[in-house]
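Please open the structure in your viewer and keep the selection box at hand. The tour moves from one selection to the next and says what is to be found at each stop.

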Amino acid sequence: MQYETVIGLEVHVQLSTESKLFSGSATTFGAEPNTQANIFDLALPGTLPVLNEKAVAMAVKFGLAIGAEIGKRSVFDRKNYFYPDLPKGYQVSQLDFPTVGKGSLTISLEDGSEKVIGVTRAHMEEDAGKSLHEDYQGMTGIDLNRAGTPLLEIVSEPDLRSAKEAVAYLKKLHSIIRYLDISDAIMAQGSMRCDANVSIRPVGQEEFGTRTEIKNINSFKFVEKAINYEVQRQKDVLEDGGRIVQETRLYDADKDETRSMRSKEVANDYRYFPEPDLLPIVIDDAYIEAIRATLPELPDRRAARFVSDYGLSEYDAGVLVATREMADYFETTATLSGDAKLAANWVSQDLQALLNKHSWELSDSPIQAERLATLIQRIKDNTISGKIAKTVFEAMLDDSNDVDSIIEAKGLKQVTDSGALESLVDQVIADNPDQVQQYRDGKVQVIGFLVGQCMQLSKGKANPAQVNEILRSKLS
Amino acid sequence: MIEKTVAELSAALAAGETTSVALTQAYLDQIAAHNEVLNAYITVCADSAIAQARAADEARAAGSSAPLLGIPIAHKDLFCTAGVKTTSGSKILHNFISPYDATVVERLQAAGAVMLGKTNMDEFAMGSSNESSYYGVARNPWNLDRVPGGSSGGSAAAVAADLCAMATGTDTGGSIRQPAAFCGITGLKPSYGRVSRWGMIAYASSLDQAGPLCKTAEDAAILLNVMAGVDEKDSTSIALPPEDFTATLNNSLKGLRIGLPKQHFTSGLNPAIESAVRNAVAELEKLGAEVKEINLPNSDLAISAYYVIAPAEASANLSRFDGVRYGYRCENPVDLEDMYKRSRSEGFGEEVKRRIMIGTYALSAGFYDAYYRKAQKIRRLVKEDYARAFEDVDVIIGPTTPSPAFALNSMKDSVTMYLEDIYTIALNLAGLPGMSVPAGFVDGLPIGMQLVAKDYAEATLLNVAHQFQQVTNWHKKKPVLTTSEKTTEA
């Protein structure tokens, strides 16, 4: 039987506020255990929450970026359950009145078409601490540094139809969040986390199949793998005549499989009720407009501008706007070099390859946009050839001197002196009598070989166009 | 000296008739003589009290003259006090030493008050008799076989027996007013949001409010001046224009409109209390007040709504007492679940466990609408009743309790006990300020008159109560303490 996959994602994003959602403790990642937990985070008796308004501003910013309704009156609720890394015995979240309501975002599919994915809601809540099960001689350590860090939980509609679409959605979400600069959104560090609700149904059936929720997915790659595994598992169950059990499953990246969590942990009644220690958040239009005014140009709009202003292809534009940093880098390079097309090629190919090779972030690259722009200018003004430019680019990695000094010092300047080029060409003609004869016999494509010989002899520095011209005139 | 009011002590200290050290020592002596029987204090801080008193005397010598400077106070044991054990009357916090001060404690300390110790209370403020305290019952100074009321029973007994000059308490359903009535003192529950809840161990967050227990309305005004005020650490505290509550104490009551809710003068009320309250109202009429009967039609629903909302909030508020980070942890837990179950089963008392279960049940899937949501609707109705009544009257007056202090161990079931709060509970649901002032005696026991005013109209309450106390002497009556007899008998 043919099945259709239905996926909805719940994405938790740690908002990058300096302090926690309800306390003044710092939120820096990786600090010594329990050094960022104050009396409120430890849930000492008598302590009370005070809302961090910066988190609200970030949530609203996100809502506006996905065209969502902003809750004019959002309410925090207590979600009750016992766990050692949840010090109060309840998590403060938003149930019925989230700060961000219905919105949507657009993803590009592999065939180049676009698809709008609905976002049901995004609500604010506090993160839990961490239970450390290793290195404590059979006991469990509790680290409350993370407890109370603000999270935005972004819930999608069940609009995704494949693991690839899910990844595209997640990447788009990631890109928007990075553009807004409201979270580091680093999956490996847990500042962006993804749970996937997955079900399958026979093609043509309207009713959804029973879904499972996959937790513990901590990279884009694993999102795809975990969903694909789960879809196959569900197919196998159905084809064996079985039924899908609604449950929570953990993804095990080492074994590349999902496993059922104990049903006991699933059957929680969280007994939500409005948090009496906090007032509802009341948001007026003036506040919304003030936040709207701070919105940066978002990836879709920026890509469209790159196409219209710089004449890039939609594909190149899409690649370059994937992160705000990359788009900024490209735009600086394009402007300073005066050649957007060359800049696009260099940024999306050579620079990207460099970053991939070293697993660098853009900010780690020793080649800043200004330097790359100079390099491109030197190609344009014929100081160097495009090929030599690759050598210069390599040299720029270890040499922080300016581009012109590097070209000078390494003697890579293109030879355009016609006297020098003529003797070079004479030499090649003398050394390759057979090819010269072939050319003269009418096999004109041999000119390519001869130009290549000239370039080799000049160690790439000869101006190929000039060489070509001189060769042709000498052989005619 | 120890029987004097805060206002009188303040004047005596200012006049140099006594010192804070002498005064503090006198209260410590009184505590030493009577606390063993009254059990009003869970913790007495003799050394730090004397040190604070000495500092107060030095400050005065250096020119300070704040009204509370050097005056000894007792705090209910649910206000966190840095370096001092804070138990909330529970075994589960038997070893909890707070690293920080509650805002109320901090403000009173900054005003120069000297902390004598921490007073006994019903466990987590759940009770109307002080019998649910893990640290033993506190006794009523007027009759040692009677309860002092609750949950701020220790504070009320301490004030009545001169074991302190003044005390703090908290009121979630009557926990300041009812013990004040039972012990013959003056107690004020401010409007919700008037006093910061930071550092006050929560019972029911949307109902809890701290207030003073004192000998007179004037003392309550002096204390409220210090306790009140918005606090950035408590999001539910309210920014109101600063007020001097002593400034309007002597306003005339001419034209004051008093409402007597007919629902508070019905068959459940002890007739002797009814006539005492009616006599008290007559005194206010003599001062120029006008009296009319009013209607609070949803009064009978208040208790039911309260016993859903308060336990629901408590069930979450008390989840933090899990044996993980502080407080009582059971011996040799075999696993996490065992640790939770036994720490909480062994650490909490019966009444607390009952309310956690009630609250958990009321919030459970499938029951939420029937209980919690419905209770919130009733809460709105009760609030509207009062709002409507206050269109015609300035103050609502009735009995604080249906009967005088009952005998220890006489309440055979919790529901009967819950009905003790029948007149006080609605105010907490509505967030309104209320007061209890001594208004007579029944069977040799003091009884209280409850005054209620609009939101943030504490000044009106204090004005009416003060004027009443200018023409009556009920608040000046003192219990005869029988400690020495008991000691000789033993």
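What follows is a walk through a predicted model, with stops in chain A, in chain B and where the two chains meet.

**Stop 1: a helix pair in chain A**

Select residues 324–337 of chain A, which form helix α8, together with residues 369–380 of chain A, which form helix α10, and you will see two helices that pack at an angle of about 40° with their axes 8 Å apart. Because of that angle, α8(A) counts as oblique to α10(A), and the crossing of the two is right-handed. Now show the side chains at the contact: α8(A) contributes Tyr329(A), Thr332(A), Thr333(A), Leu336(A) and Ser337(A), while α10(A) contributes Ala369(A), Glu370(A), Leu372(A), Ala373(A), Ile376(A) and Gln377(A). If you colour the residues of this contact by type, you should find six nonpolar, four polar and one charged.

**Stop 2: another partner for α10(A)**

Keep α10(A) selected and add residues 340–358 of chain A, helix α9, which packs against α10(A) at an angle of about 120°, with the axes 11 Å apart. That angle makes α9(A) oblique to α10(A), and α9(A) passes α10(A) in a right-handed crossing. Here Leu342(A), Ala343(A), Trp346(A) and Leu351(A) of α9(A) meet Leu372(A), Ile376(A) and Ile379(A) of α10(A). What kinds of residue make up the contact of α9(A) with α10(A)? The contact holds seven nonpolar residues, no polar ones and no charged ones.

**Stop 3: a loop residue in chain A**

Select Asn34(A), which sits in the loop between β1 (3–14) and α1 (53–65) of chain A. Asn34(A) has a positive phi of about 60°, although it is not a glycine. Asn34(A) counts as partly exposed, because it has 15 C-beta neighbours inside 10 Å.

**Stop 4: where the chains meet**

Show both chains and look at the contact between them, where 32 residues of chain B are in contact with 24 residues of chain A. On the side of chain B that touches chain A, α9 (299–317), α10 (336–347) and α11 (350–363) of chain B each supply at least two residues, and the largest share, three residues, comes from α9(B). The residues on this side of chain B divide into 15 nonpolar, nine polar and eight charged.

**Stop 5: a strand inside chain B**

Select residues 395–399 of chain B, which are strand β9: five of its five residues are buried, so this strand is largely enclosed by the rest of the structure. Add residues 257–261 of chain B, strand β7, and you will see that β7(B) and β9(B) pair in the parallel sense over two bridges. Then add residues 445–452 of chain B, strand β11, which pairs with β9(B) in the antiparallel sense over four bridges. Ile396(B) is a useful residue to centre on, since you can look from it to its bridge partner Gly259(B) and also to Val452(B) in β11(B), which stands opposite Ile396(B).

**Stop 6: a loop in chain B**

Finally, select the loop between β3 (114–119) and α5 (153–160) of chain B, where Ser151(B) has its place. The peptide bond from Gly150(B) to Ser151(B) is cis, with omega near 10°. Phe124(B) is found in the loop between β3 and α5 of chain B, and its phi is near 50°, a positive value in a residue other than glycine. Is Phe124(B) buried or exposed? Phe124(B) is buried, because 32 other C-beta atoms lie within 10 Å.

Terms used
Residues numbered from 1 in each chain as written. Chains lettered and ligands numbered in written order. Predicted model: local features only at pLDDT ≥ 70, side-chain atom pairs only at ≥ 80, totals over all residues. Buried ≥ 20, exposed ≤ 12 C-beta atoms within 10 Å, placed from the backbone. Pairing = 2+ DSSP bridges. Contact = placed C-beta atoms within 7 Å. Nonpolar A, V, L, I, M, F, W, Y, C, P; charged D, E, K, R; others polar. Axes fitted to C-alpha atoms, helices over the stretch in contact; angles between N-to-C directions. Parallel < 35°, antiparallel > 145°, perpendicular 65-115°, else oblique. Left-handed = near helix turned anticlockwise from the far one by under 90°.
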